[in-house]
Amino acid sequence: RVKRGWVWNQFFVVEEYTGTEPLYVGKIHSDSDEGDGSIKYTISGEGAGTIFLIDEITGDIHATERLDREQKTFYTLRAQARDRQTDQLLEPESEFIIKVQDINDSEPRFLEGPYIGSVAELSPVGTSVMQVMASDADDPTYGSSARVVYSVLEGEQHFTVDSKTGVIRTAVADLDRETQDRYEVVIRATDMAGQLGGLSGSTTVTIVVTDVNDNPPRFPQKMYQFSIVETAPVGTAIGRVKAEDSDVGENTDMTYQVKDEEGVEMFKVTTDSNTQEAIIMVQKPLDYESKKVHTVVVEALNKFVDPRFMDLGTFRDQTIVRVSVMDVDEPPEFRPLSNLMEVQEDAHVGSLVGVVTALDPDTANHPVRYAIDRSTDTERIFDIDASTGAIVTGKVLDRETAGWHNITVLAMEEDNHSQVSRASLRIRILDVNDNPPELATPYEAAVCEDAKPGQLIQTVSVVDRDEPQSGHRFYFTLAPEAINNRHFSLLDIKDNTAAVHTQRMGFNRQEQDVYLLPILVVDSGPPALSSTGTLTIRVCGCDSTGAIQSCNSTAYVVTATLSPGALIALLVCVLILVVLVLLILTLKRHHKSHLTTEDDEDMRDNVIKYNDEGGGEQDTEAYDMSALRSLYDFSEIKGGDGGGGLGEGGLSINPASKLHTLPQWVQSPDLDFSMFRDYICKKVELADGDLSVPPYDSFQTYAFEGSDSPVPSLSSINTWSSGSEQDFSFLGGWGPRFRQLAALY
């Protein structure tokens, strides 16, 4: 038995159908259909019922709308065959596809535009510039609708395009950026492989011609003229020139240089990196009187030269710059200028040191006057002749005080003192032997009592403030009064030092413990000068190794005793010291007599002297009030426990308390302090009226703490017992300063 099923072929529909009737697509049919109309055909899916309609009886499918393959290439639908009476499926539902058949209805399009490319000028023929590509929406698998070829519509005289790849290339080798720096080239793309009837699209490609260094710099003028005053300082800009270059970018960077020998010496050229201009500047001082016009050859050359174009010619150019120097009134000039002069230090006042000369460089050649800038010679050691420029000494010179003098000499026009020139002058003071040599230090040496003859005890050297050109040479010998001494000898070592040796065996410091050895030192002159120095030699006791143990200090001259003049000076000094001591003692006694105005027997006259400044009313530490409080013992008052009492005449004191009991303070409401108040007021009046007493800045007011104090005494050695076993008799041996303390205890 043969299985029944669907019967149909592949369905196609042509796009862009423009007919008025529906377009027949195809027919679906079941092999069970006997043609009696009992089967009903239906479709469902994409476009069913709208784009595609089916005849229910015959199964014919028609397209009712205009289709575009570029929007949708195929449609998927499902077919059903049903019994018309029962609506039951007679065949299983089956899927089928309707393909939209392509026609050449889309032209090529350039989707990546606008296109901008570049190529260097003077590039060889065939140099690739860039590539363009066009896209065709038609079906590339069906026919030639999507096969695109390229061609040049505009600009074909300079560029070509590959018909298959779209690569644009140069057609000529003489592209010149300076002539035309960009080109607009129109490229066309045609489908159907360029056959007749094919569709086409076009785009415009902008091609920029980039620069190469193919043009040398050129000066617009062959000569430039500038002027400048002759006093212009070195580095002054005279003017600017610029060479033109048709290139752009770094190809226009250039450097300038001076080519002629004269210009190189007087002028220099730098390049302004921003404007590429040559800046001509003064390199040496100009002088109108020497040369009024200078001619300078300036050359410009490219900084970056492309070797491919060296055959086009030299990439440099030259021009002439003419510089005119303008005359101005200039100050005098020192000629020849020598800044060093010398003069002997013993030259007399008014001696010639040297001559300076200055001339007016101007054509008028005005007379010149000279002066010394006194701010550089405040002591007026030198003078100058205003007309001749002769420098002479104005004061006595001393090389040892100042060996060099730096002064400034002024030269000015006689009729115009504003035109002033200055010259620094160094004057060297040449040395003259006018200072005697001296021992380097006040030498002191020691010799052991058991020294042997010929023993070295000291090496001496000298100093000399002079500086002879041939160097120092000193000669040593003992002074005439010491030549015949039997104790020491002097040896000149010939190297500007001398050695002192012992000349006898042993010394006795009990007989003489100090020797003063005069040494005569002479320099080499001329003239030869000398001085005498003294070497102090002490006789000392030494141990067995020669180490010094002890020395005495009584001095004896090697040859003679003190001179009468020295003795008189010594006595005068002693007399002055005695007078000073007596004067000090007298002043102290006079001062003490003023302070002692009260009766010595009055125990209350306890004046405490202190040298520190008071601290004001709040200071309760500077003065010890216990000195007043401890004079009497107030513990036994009349009406107390016996032993004493107040009488009409004053205060009675228990002798036992006075000797053995420390004074204590117990405040009583009936106690009268008028006695203390009167005493202190009297002291104040005496101090105010005594001009010899130092003016203390304040008197302290002290009060007692009050009654019922839990601490009856502030003394650390207090005792309440009048029969104490303590014995204070030892205080009597402490001297007069503690006499009052001993009496209290």
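**Exercise 1. Determine whether V578 is buried, partly exposed or exposed, and describe the surface group to which V578 belongs.**

Solution. Begin with the accessibility classes, in which buried means under 20% relative accessible area, exposed means over 50%, and partly exposed lies in between (1.4 Å probe, protein chains only). V578 has a relative accessible area of 43%, and is therefore partly exposed. Next, place the residue: V578 is found in helix 2, residues 564-595, where helices (H or I, at least four residues) and strands (E, at least two) are DSSP runs numbered from the N terminus. Finally, L570, V574, V578, V581, L582 and L585 form a nonpolar patch on the surface, with about 540 Å² of accessible area together. Such patches are made of residues with over 30% relative accessible area and no salt bridge, like charges being joined within 9 Å and nonpolar side chains (Val, Leu, Ile, Met, Phe, Trp, Tyr) within 5 Å; a salt bridge is a side-chain nitrogen of Lys or Arg within 4 Å of a carboxyl oxygen of Asp or Glu. The areas come from the Shrake-Rupley method with a 1.4 Å probe, and for residues only the protein chains shown count as cover.

This is a predicted model, in which local features need pLDDT of at least 70 and side-chain atom pairs count only at pLDDT 80 or more, whereas totals for chains, interfaces and linings use all residues. Residues are numbered from 1 along each chain as its sequence is written, and side-chain values use heavy atoms, with hydrogens and water left out.

**Exercise 2. Locate T502, decide whether T502 is buried or exposed, and list its contacts.**

Solution. T502 has its place in strand 38, which covers residues 497-502. Its relative accessibility is 2%, so T502 counts as buried. For the surroundings, take contact as heavy atoms within 4.5 Å; leaving aside neighbours within four places in sequence, T502 is in contact with V447, A451, K452, P453, G454, Q455, I457, H487, F488 and F507.

**Exercise 3. Work out the strand order of the open sheet that contains strand 2, and explain which strands stand at the edges.**

Solution. Four strands form this open sheet in the order 2-9-8-5, and the pairing is mixed. Strand 2 (11-14) and strand 5 (39-45) stand at the edges, because each has a single partner strand, so that one side of each is left without a neighbour in the sheet. Direction ignored, neighbouring strands of this sheet are turned by 30° against each other on average, with axes that are lines fitted to C-alpha atoms (for helices over the stretch in contact) and angles that run from 0 to 180 degrees between N-to-C directions. Two strands pair if DSSP finds at least two bridges between them; strand 2 and strand 9 (residues 89-101) pair in the parallel sense over four bridges, and V13 has V100 in strand 9 as its bridge partner.

**Exercise 4. Compare the backbone and accessibility of Q276 and K494, then identify the cis peptide bonds at P526 and P527.**

Solution. Q276, in the loop between strand 20 (267-272) and strand 21 (277-282), has a phi near 60°, a positive value in a residue other than glycine. K494, in the loop between strand 37 (488-492) and strand 38, has a positive phi near 75°. Q276 counts as buried at 12% relative accessibility, whereas K494 counts as exposed at 57%. Turning to omega, the peptide bond from G525 to P526 is cis, with a value near -10°, and a cis peptide bond also joins P526 and P527, with omega about -15°. P526 has its place in the loop between strand 39 (514-522) and strand 40 (530-542), and P527 lies in the loop between strand 39 and strand 40.
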